[in-house]
Amino acid sequence: MRVLYLLNISNPDRLSADSGWIFADLLAPSLADAGSEVTVAAPAAAGDARCGFHRTKVPGTKYRARFSADIDELVALIGTERPDVVVANQIEEAPAIRTALLEARSDALLAGYCHYLPFSFAGGGQMLLDPSLDDAGLGRPVLLAFAAGLAACDRVMVHSSAAASWVSAAAARMTVDLGDRLRVVPAPRDERLVRDPATVRSATDAGGAIGVYNHRLYAHYGTEQFVDLARQLSDSGTVRLRVMDLFGQRRAERKGLDDSPEKMREKLAALPHVQVVSDRGDRIRYRNLLAGARFGIAPFRHGCPWSMSVIDCQGMGLPVISPRLGWLAEHIEPELCFTTPAEAVALAERLATDDEFHALHAKRAHASTADFTPALVAARYLEAIS
């Protein structure tokens with residue numbers, strides 16, 4: 001099977017912070033191991049030496065990534081690669097890709113991966129636009145482009161059961177009949193970030209246990225709520241926090257659209273007992289920063305269909321406490337989910353001080369990632385696009 005993987009990269013200056021690129025970099029070699037010929041078309045190469053690579057332009061903004069597909073380039077690429085399957089990692093591009101397939105007279109299957117959802121649902125079932133994609137009123141056009149992408153695909157892949165439910169509900173509201181085209185294919189875990197907690201000495205010292213927050217600091221991730229929680233944990237004195245600055249210095253175009261990561265970073269850095277650290281784009285340093293922590297904290301992001309950062313923690317044997325939201329509540333142990341800040345503080349303090357409770361949930365966290373090895377995910381991926 002010849003697979004053409006079209007990958008948008010939003011963070012070319014810090015690939016380690018781009019989950020879409022990490023997913024492709026982990027998945028492509030496993031697809032090759034399974035006998036597929038894979039070519040990645042992206043601003044930066046992903047995979048290994050067996051994978052072909054076609055360099056594409058970096059979209060200036062997240063909106064250009066959704067609204068400025070180069071159909072001429074797509075026609076030429078399809079003609080050169082002659083794929084059996086084209087994967088659109090930016091699903092809003094699917095109509096343009098379908099047009100290119102038509103012009104190139106290709107009967108390749110078009111599979112869209114819903115890597116990011118431009119909507120979420122309130123408790124009463126109300127559909128909400130994602131605020132990160134609603135600058136200048138663009139939220140509804142993005143939503144309609146997403147629906148058009150669903151309609152253009154032969155297969156629609158999502159990360160989780162929660163994401164499948166949300167996408168199905170959104171499609172129905174926008175009169176897109178998904179039929180039997182929807183498939184759940186999780187993202188692979190990074191095998192460099194896996195360790196058996198039974199072999200690990202307790203990561204607590206005289207300074208107190210460390211809770212790690214390894215998520216993007218955008219406001220739409222609910223970071224302001226995390227800042228409030230950080231203040232309370234800091235006041236408790238039982239837990240120190242390690243906050244990952246995954247972006248470093250961002251391009252002016254990205255800061256111009258949303259400067260919340262820089263503002264949140266400043267707020268967090270000003271708190272006592274909170275350490276803001278950078279992995280400098282180095283996965284070994286990232287692993288070591290996780291390894292020194294006692295537990296992780298999930299983001300307060302309502303429309304979260306998946307969190308690679310949560311899986312990173314769990315693969316390392318770190319229990320993760322989480323707000324009771326969407327996929328997070330689906331995946332994380334109910335005993336580690338909270339609805340109020342007081343519950344979150346109590347969970348963090350218990351994981352910090354109760355070795356038996358911590359050991360139980362460290363084991364469960366590690367086990368929860370067992371089905372996400374790249375080889376197993378590649379098998380599910382190939383089944384979905386066959």
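## A tour of the predicted chain

Start by selecting Ala 209 and Val 239: Ala 209 stands opposite Val 239 in β11. The model on screen is a predicted one. Now widen the selection to both strands. β10 covers residues 209-213 and β11 covers residues 239-244. The two run parallel, and 5 bridges join them.

**Stop 1: the sheet around β10 and β11**

Add the other members of this sheet. How many strands does the open sheet have, and in what order? It has 6 strands, ordered β12-β11-β10-β13-β14-β15, and the pairing is parallel. Go to its edges: β12 (274-277) and β15 (337-338) stand there. Each has a single partner strand, so one side of each is left without a neighbour in the sheet. As background, strands of a sheet pair through backbone hydrogen bonds, either parallel or antiparallel.

**Stop 2: zoom out**

Show the whole protein chain as a cartoon. You should find 15 helices and 15 strands. The radius of gyration is 21 Å, close to the 21 Å that the globule rule gives for 386 residues, so the chain is as compact as a globular protein of that length. Along the principal axes, the C-alpha atoms fill a box of roughly 65 × 45 × 40 Å.

Switch on the surface. Its accessible area comes to about 15800 Å². Carbon and sulfur atoms hold 50% of that area. Beneath the surface, 57% of the 386 residues count as buried.

Try a contact map next. Take the contacts with a separation of 6 or more: residues 24 or more positions apart account for 72% of them.

Colour by charge. There are 42 positive and 47 negative side chains. The centres of the two sets lie 2 Å apart.

**Stop 3: β1 and its partners**

Select residues 2-6, which form strand β1. Is this strand mostly covered or mostly uncovered? It is mostly covered, with 4 of its 5 residues buried.

Add residues 37-42, strand β2. β1 and β2 run parallel and are joined by 5 bridges. To see one pairing, pick Val 3: its bridge partner in β2 is Val 38.

Add β4 as well. β1 and β4 also run parallel, with 4 bridges between them. Here, pick Tyr 5, which stands opposite Val 87 in β4.

**Stop 4: along β4 to β5**

Stay on β4, residues 85-88, and show side chains. In a regular strand the side chains alternate between the two faces of the sheet. Which residues of β4 point one way, and which the other? Val 85 and Val 87 point one way; Val 86 and Ala 88 point the other way. All of them are buried.

Now step across to strand β5, residues 109-113. It runs parallel to β4, and 4 bridges join the pair. Select Ala 88 and Gly 112 together: Gly 112 is the bridge partner of Ala 88 in β5.

**Stop 5: two buried loop residues**

Select His 159. It sits in the loop between β8 (155-158) and α6 (161-173). Its relative accessible area is 2%, so it falls under the 20% cut-off and is buried. What does His 159 touch, beyond residues up to four places away in sequence? The list is Tyr 113, Cys 114, His 115, Val 184, Val 185, Pro 186, Ala 187, Pro 305 and Trp 306.

Next, select Ala 46. Find it in the loop between β2 and β3 (52-55). Ala 46 counts as buried, at 6% relative accessibility. Leaving out residues up to four places away in sequence, it touches Trp 21, Ala 24, Asp 25, Val 40 and Cys 51. For a distance check, draw a line from Ala 46 to Glu 103. They are 57 residues apart along the chain, and their C-alpha atoms are separated by 27 Å.

**Stop 6: two arginines with positive phi**

Finish with backbone torsions. Most residues other than glycine have a negative phi, and most peptide bonds are trans.

Select Arg 82, in the loop between α3 (71-81) and β4. Although not a glycine, Arg 82 has a positive phi of about 45°. Buried or exposed? Arg 82 is exposed, with a relative accessible area of 65%.

Then select Arg 105, in the loop between α4 (94-103) and β5. Its phi is positive too, at about 55°, although it is not a glycine. Arg 105 is exposed, with a relative accessible area of 81%.

Notes. Residues numbered from 1 in each chain as written. Predicted model: local features only at pLDDT ≥ 70, side-chain atom pairs only at ≥ 80, totals over all residues. Heavy atoms only, no water. Rg over C-alpha atoms; globule rule 2.2 N^0.38 Å. Buried < 20%, exposed > 50% of the residue type's maximum accessible area, 1.4 Å probe, protein only. Contact = heavy atoms within 4.5 Å. Areas by Shrake-Rupley, 256 points an atom, 1.4 Å probe, with all protein chains shown as cover. Lys, Arg positive; Asp, Glu negative; His and termini not counted. Charge placed at Lys NZ, Arg CZ, Asp CG, Glu CD. Pairing = 2+ DSSP bridges.
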